[in-house]
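Reader: I'm new to this one and would like a close look at a single part of it. Could you pick a helix and walk me through it, then show me how the surroundings fit in?

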Amino acid sequence: MSALLVAPFALPLAVAALLLLLRRRPHLQRVIGVAGVVALVAVGVGLVVATAGGEVHATRVGGWPGGLAIVFVADGVSALLVAGASIVSVLCLVTAAARDEDRHPLFHPLVAVLLAGVLGSFVTGDLFNLFVTFEVMLIASYVLVALRGGPREVRASTVYVTVNLLASAMLLIGIALLYGAAGTVELASLHRVVVEVPNAAIGATLVATAVAVKASLVPLHSWLPRVYPVAGPATTALFSALLTKAGVYVLLRLDSTVFADVDAFRQVLLVVAVVTMVIGVLGAVGRSDVRGILSFHMVSQVGYLVLPIGIGTVAAYTAGLVYLLQYLAVKGSLFLTAAAIETITGTGQLARLGGMLRTRPALAIGFLLPALSLAGIPPTSGFVGKFLLVDAAFESHLLLAGGVAVAVSFATLLSMLKIWNGVFWGERTSEVTDEPGLAAYSFPVPAGGAGGGDPPAPPVVRNGRTLALAAPALLVGVLVLALGVLAGPLVDLVQPAAQTLADPQPYLDAVRRS
Amino acid sequence: MTAALIVGILAAAGTYLVLQRGIVRITLGFVLLGHAATTALLAAGGVARRDLAFVGAPGTPGDPLPQAFALTAIVISFGVTAFLLALAYRSRDTLGHDDVEAPDLEGSLLDQSASALELRIPTADEDAEPVDDAPGNREDGR
């Protein structure tokens, strides 16, 4: 059991070391990189099976006595997130391989390190170790943003690194203050610490604020829409599925341990969640490129993910987890579609695109289903998540929060329609008929393509690689429909995990026993 | 008290430097902030308890945990400093300066919306020109 608990952190690090040795063998590197992430999916599924029914497992690394050893804990929430994040990462790697984004010899090792940091933060039970896993994840992501090394990347990278380093420094000082007040950094021992230890509130608030920066909650969100559209498209998809979700997960965990029974924390997060939803969706209106719009929607959706903490009932946690799990796949797949569009046409500007429904119908369907899910239209999984969430809000008499959640869904639908109209409907532009992007990625180009402008348009290229560009999005589309129709099993799977969040007693017991 | 003052001064100086425009100053700011955090960690274990931990020597043994934290934090901030310096070097290489707020930079929000506006009015010579600001092409030119 303890091997399985440490695996989400240790396995990707080992794979990263191996991949670094293979940096002169790109094909082998690609195979091993993908195989490593598939192994992580297996680890995730193993953890989900082991924690089904609300069981919690904990282990102390190295056998040190309590308080000194690093604790790894897996409950339902961490297990589901480990599984979900690794599945989405496999899809992102498929797209990255299809568009040759992984050509850089450091790409696969960095992705492995990134996964070590993210999955490590899901299973760690210790606040300082959380800081370390966050740093592991961020350092890998700094380099991934700057990997292409052009002027835009360097500029975005500077913003990203500066904001996140400032947050990390705050996190570290917060942990120091918390240790000074409470004498421990173990999350389980810090249960209700804010209520019981008078001076712990300052450190805990600093920690929560630093995590809110990484989750990009308004008003600490402005770095995200400036950075994400600049990184490589498949890299953005990977970040969207992993980075902010780690922040949201830690907020959930802090809520159930450090801030347990603190009403002020809940109320602040409720307000922040509602404001985040609105600001994010309004920000998207002003953008005219696919990934820019999607990046602002990420900010908006973080509001939905944090709203359950503000509501604070078992029903809300269940809704939040259902929404979070399907959202991981949905957002990842939307960014992957954006990556495919940019690979094929060479641009992500809506003004230069149009009519792709006729040239690339598979891609259009792969965009449509997750986009409807993001807006919460039945019969997709997003509808189930949002319905449960709004229902939970109304049950707790939070009419305004529930109402805003519904209104923001409509606004989300509007900007999804904006992308749909801009990219898939309307007149075909020369970028869409000639597909000049493909030439840049050394795809075979049809006679008369890539340069010749006049109709009749040349037949579009279809081969294994263009198929691989559309496949992940289509797969998620099917998944979104399946989860929408068969939501019952998912809710049953998530229910015990939500119980553990609302009442962390099994979590505390497991850590004390270990 | 001394520890609190040191943390305060380091954090203030670090924050001031981080708010500057050049990457090198920002880097130095983070070095100072890292020192502030390290000092805070050490102070969390009690500054007065400074004898050897674990050995059981006379006096008050120090708390080993904050020392381990501080050591880890120092290693991490060292790595990040190295990355920031590499970024500063790269910035000088590609942009010719290390000013992060310089308005002439390609890729600012203002810049992007301007190029999007231009593109709505297709010109005659635009068809002949390949899309040179497409990310794919730029990647190719790396």
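**A close look at helix H8**

Author: Let's take helix H8 of chain A, residues 200-215: at 1.5 Å a residue its 16 residues should span 22 Å, and the end C-alpha atoms are indeed 22 Å apart, so the two agree. Bear in mind that this is a predicted model.

Now for what is tucked away. The buried residues of H8(A) start with A:Ala200, A:Gly203 and A:Ala204. Further along come A:Val207, A:Ala208, A:Ala210 and A:Val211, and the list ends with A:Ala212, A:Val213, A:Lys214 and A:Ala215. Here's a handy bit of background: an α-helix has 3.6 residues a turn, so residues three or four places apart point the same way. Right after H8(A) sits A:Ser216, with a positive phi of about 55 degrees.

A:Lys214 is a good place to step over to another helix. This buried lysine of H8(A) is in contact with A:Leu138, which lies in helix H5, residues 127-146 of chain A. A:Leu138 has a relative accessibility of just 2%, so it counts as buried, the cut-off being under 20%. Setting aside neighbours within four places in sequence, A:Leu138 also touches A:Tyr160, A:Asn164 and A:Ser168. On the other hand, A:Val193 is 55 residues from A:Leu138 in sequence and 28 Å from it in space, going C-alpha to C-alpha.

That brings us to helix H6 of chain A, which covers residues 151-182. H6(A) has 32 residues and reaches 46 Å from its first C-alpha to its last, close to the 46 Å expected. Of those 32 residues, 24 are buried, so H6(A) is largely enclosed by the rest of the structure. A positive phi turns up here too: A:Gly183, which follows H6(A), has one near 80 degrees.

Stepping back, chain A contains 22 helices and two strands. Its C-alpha trace spans about 75 × 55 × 40 Å along the principal axes. A compact globule of 514 residues would have a radius of gyration near 24 Å, and chain A comes in at 22 Å, which agrees. Across the chain, 65% of the residues count as buried. Among contacts with a separation of 6 or more, 80% are between residues 24 or more positions apart. As for the outside, the accessible surface is about 16200 Å², with 70% of it belonging to carbon and sulfur atoms.

Conventions: Residues numbered from 1 in each chain as written. Chains lettered and ligands numbered in written order. Predicted model: local features only at pLDDT ≥ 70, side-chain atom pairs only at ≥ 80, totals over all residues. Heavy atoms only, no water. Helix = DSSP H or I, 4+ residues; strand = E, 2+ residues; numbered from the N terminus. Expected span 1.5 Å × (residues − 1). Buried < 20%, exposed > 50% of the residue type's maximum accessible area, 1.4 Å probe, protein only. Rg over C-alpha atoms; globule rule 2.2 N^0.38 Å. Contact = heavy atoms within 4.5 Å. Areas by Shrake-Rupley, 256 points an atom, 1.4 Å probe, with all protein chains shown as cover.
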